[in-house]
Amino acid sequence: MTYRCRPDGLRRAVRNLVENAVRYGGEAQVFIRHTAATIDIVVEDRGPGIPDLMKEKVFTPFFRLEASRNRDTGGIGLGLSIARAAARQHGGDISFLTGDGGMQAVLSLPRDGRVETLAVPKGRDWKSLRGSIGLRAPNLAEKPTKPRTQH
């Protein structure tokens, strides 16, 4: 299947979900599910899942359900935060479904493959955009300054 996306971002999001499934659920099974509106990348494990009250909290940077920071569990609590950011860049999101036999992390993406970008019409003056994208266009009329040197 072909999907218009930022492949590095999606690859990292899926990798983070798979690593968590293996770390906390012992294994990961990954499959794609098509719905009328979305394409879902589902990462399934046999772990205990995430308590309902914590399903949003786990996306907070540096938050970990497992409080110890030993080498067996590793991580510093950024994986799910990064994964959700990548999903949302693509117009999607991540959700969790917990069942009797484990948990599913579902990365849902819109079927049409939308990616958030700043649209710039042809012939647009970049100086007029600089405030909206956080760039400062250089004033070419200014004289260049010499770099300082320390003695």
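**A walk through a four-stranded sheet and its helices**

Hi everyone. The secondary structure of this protein comes to 3 helices and 4 strands. Please keep in mind that we are looking at a predicted model. If you start at the N terminus and follow the chain, the elements run α-β-β-α-β-β-α.

A few overall numbers will help you get your bearings. Of the 151 residues in the protein, 30% are buried. The protein exposes about 10800 Å², and carbon and sulfur atoms supply 54% of that area. Now take the contacts with a separation of 6 or more: 51% of them come from residues 24 or more positions apart.

Let's turn to the sheet. In what order do the strands line up? The 4 strands form an open sheet in the order β1-β2-β4-β3, and the pairing is antiparallel. β1, residues 29-34, and β3 stand at the edges with a single partner strand each, so one side of each has no neighbour in the sheet. From one strand to the next, the twist averages 25 degrees.

We can cross the sheet pair by pair. β1 and β2 pair in the antiparallel sense over 6 bridges, and Val30 has Val43 in β2 as its bridge partner. Next, β2 is joined to β4 by 8 bridges, again antiparallel. Here the bridge partner of Val42 is Val106 in β4. Finally, β3 and β4 pair in the antiparallel sense over 7 bridges, where Leu97 is matched with Gln104 in β4. Those two strands are also joined by a hairpin, through 2 residues.

Have a closer look at β4. How many of its 9 residues are buried? The count is 9 of 9, so to speak a full house. In a regular strand, side chains alternate between the two faces of the sheet. In β4, both faces are covered. Gly102, Gln104, Val106, Ser108 and Pro110 are on one side, with Met103, Ala105, Leu107 and Leu109 on the other, and all are buried.

Now for the helix that sits on this sheet. α2 packs on the sheet and touches β3 and β4, and its direction makes about 125 degrees with that of β3. Helix α2 covers residues 79-89, and its buried residues are Leu80, Ser81, Ala83, Arg84, Ala86 and Ala87. What do these buried residues pack against? They pack against α1 (7-25), β3 (93-99) and β4 (102-110). After α2 comes Gly91, which has a positive phi, near 85 degrees.

My last stop is the aromatic rings. The count comes to 1 aromatic pair. Why is that pair, Phe59 and Phe96, called stacked? The ring centres are 5.4 Å apart and the planes are at 20 degrees, and planes under 30 degrees apart count as stacked, so the pair fits that description. The pair links distant parts of the chain: Phe59 is in the loop between β2 (38-45) and α2, while Phe96 is in strand β3, 37 residues apart. Both Phe59 and Phe96 are buried.

There is one more neighbour to point out here. Arg84 lies over the face of Phe59, at 3.7 Å from the ring centre. You have met Arg84 already, among the buried residues of α2. If you want to find this spot on the screen, look for Phe59 with Arg84 over its face, then for Phe96 in β3. Thanks for listening!

How values were computed
Residues numbered from 1 in each chain as written. Predicted model: local features only at pLDDT ≥ 70, side-chain atom pairs only at ≥ 80, totals over all residues. Heavy atoms only, no water. Buried < 20%, exposed > 50% of the residue type's maximum accessible area, 1.4 Å probe, protein only. Contact = heavy atoms within 4.5 Å. Phe/Tyr/Trp six-rings, centres within 6.5 Å; stacked < 30°, edge-to-face > 60°. Lys NZ or Arg CZ within 6 Å of the ring centre and 35° of its normal. Pairing = 2+ DSSP bridges. Axes fitted to C-alpha atoms, helices over the stretch in contact; angles between N-to-C directions. Areas by Shrake-Rupley, 256 points an atom, 1.4 Å probe, with all protein chains shown as cover.
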